[in-house]
Amino acid sequence: MSVMPAEVDAASTDRVQGVEDAAEASATAAPAQLDLAVPTEDTWSEDARRVYAELAEKLTEEDGWERKAFLVDANDPSSSPRVMTRCDREQTGNFYNYAYWLNGHEQKLCGVIEFGPYLQGPPGCAHGGATASIADACMGSTVYYSGRRAVTANLTVNYRNFVQLGRPYLIESSVEREDGRKVFADFQLSTTDRSVACVQATGLFVTARKN
């Protein structure tokens with residue numbers, strides 16, 4: 001499965017700096033809100049910030065792609081609605097660090113993720129439950145932002161390779177087909193050059209009944 005418009009190339013340092021400058025400017029302009037989907041130097045590795053910068057450049061040039069923010073109250077992050085994969089309100093970098101873009105028309109998602117040390121399973125690697133949660137979250141978001149209100153009915157995960165902590169990976173998902181109230185989606189987590197698939201998943205989602 002490939003939903004990226006182009007392969008992620010090695011990004012230059014100035015692109016990374018541009019992302020960080022934009023994040024700082026955004027925080028200055030709107031101090032009341034904090035976007036947990038914007039990488040920071042304290043929480044994301046340099047490699048992850050570089051991949052983010054590459055995706056931001058490529059995907060925003062394509063029609064229909066939109067980066068999804070996750071905004072919380074900057075003065076009191078704990079008061080905002082809770083989402084499990086966005087549990088790191090203090091931005092320690094210990095949990096999930098990720099951002100993604102969605103294309104509602106094409107029903108696709110593409111993004112970058114880095115797993116923090118508190119998500120460890122095997123030594124130095126992410127727990128299978130942590131990667132399965134991201135698979136479910138990405139497919140669910142793809143289904144939701146394509147205009148459907150649905151819940152997960154079945155999730156099948158295949159673990160192909162270890163996912164190392166503190167290293168960036170690509171996350172991609174898409175809606176494959178629809179059959180009545182059933183929506184079928186798939187997901188892949190791979191190395192940033194897409195040469196190695198680490199986690200692949202499929203999901204069955206069921207839309208809410210119409211009253």
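**Exercise 1. Which residues do ring pairs link into a cluster with W44?**

Solution. Before we start: this is a predicted model, where local features need pLDDT of at least 70 and side-chain atom pairs count only at pLDDT 80 or more, while totals for chains, interfaces and linings use all residues. Residues are numbered from 1 along each chain as its sequence is written, and side-chain values use heavy atoms, with hydrogens and water left out.

- Step 1: Get the rule straight. Rings of Phe, Tyr and Trp (its six-membered ring) pair if their centres lie within 6.5 Å; planes under 30 degrees apart count as stacked, over 60 as edge-to-face and the rest as tilted.
- Step 2: Count the pairs. There are six aromatic pairs in the structure.
- Step 3: Take Y52 and W101. Their ring centres are 5.3 Å apart with planes at 50 degrees, so call this pair tilted.
- Step 4: Place the partners. Y52 sits in helix 2 (residues 46–59) and W101 in strand 4, 49 residues apart. Helices (H or I, at least four residues) and strands (E, at least two) are DSSP runs, numbered from the N terminus.
- Step 5: Join them up. The cluster holds W44, Y52 and W101.

**Exercise 2. Decide whether Y52, W101 and R148 are buried or exposed.**

Solution.

- Step 1: Recall the cut-offs. Buried means under 20% relative accessible area, exposed over 50%, partly exposed in between (1.4 Å probe, protein chains only).
- Step 2: Y52 comes in at 6%, so buried.
- Step 3: W101 has 1%, so buried too.
- Step 4: R148, in the loop between helix 3 and strand 6 (150–159), has 13% and is therefore buried.

**Exercise 3. With which side chain does that of R148 make a polar contact?**

Solution.

- Step 1: List what R148 touches (heavy atoms within 4.5 Å). Leaving out residues up to four places away in sequence, the list is Q107, V143, V175, E178, V183 and T207.
- Step 2: Apply the polar rule. It takes a pair of N or O atoms within 3.5 Å; within protein, one must be able to donate a hydrogen and the other to accept it, and residues adjacent in sequence count only if both atoms are side-chain atoms.
- Step 3: Pick the partner. The side chain of E178 fits, at 2.9 Å.

**Exercise 4. Over the face of which ring does R86 lie, and over which does R177?**

Solution.

- Step 1: The test is NZ of Lys or CZ of Arg within 6 Å of the ring centre and within 35 degrees of the ring normal.
- Step 2: R86 goes with Y98, 3.7 Å from the ring centre.
- Step 3: R177 goes with F184, at 3.8 Å.

Key. Contact means heavy atoms within 4.5 Å.
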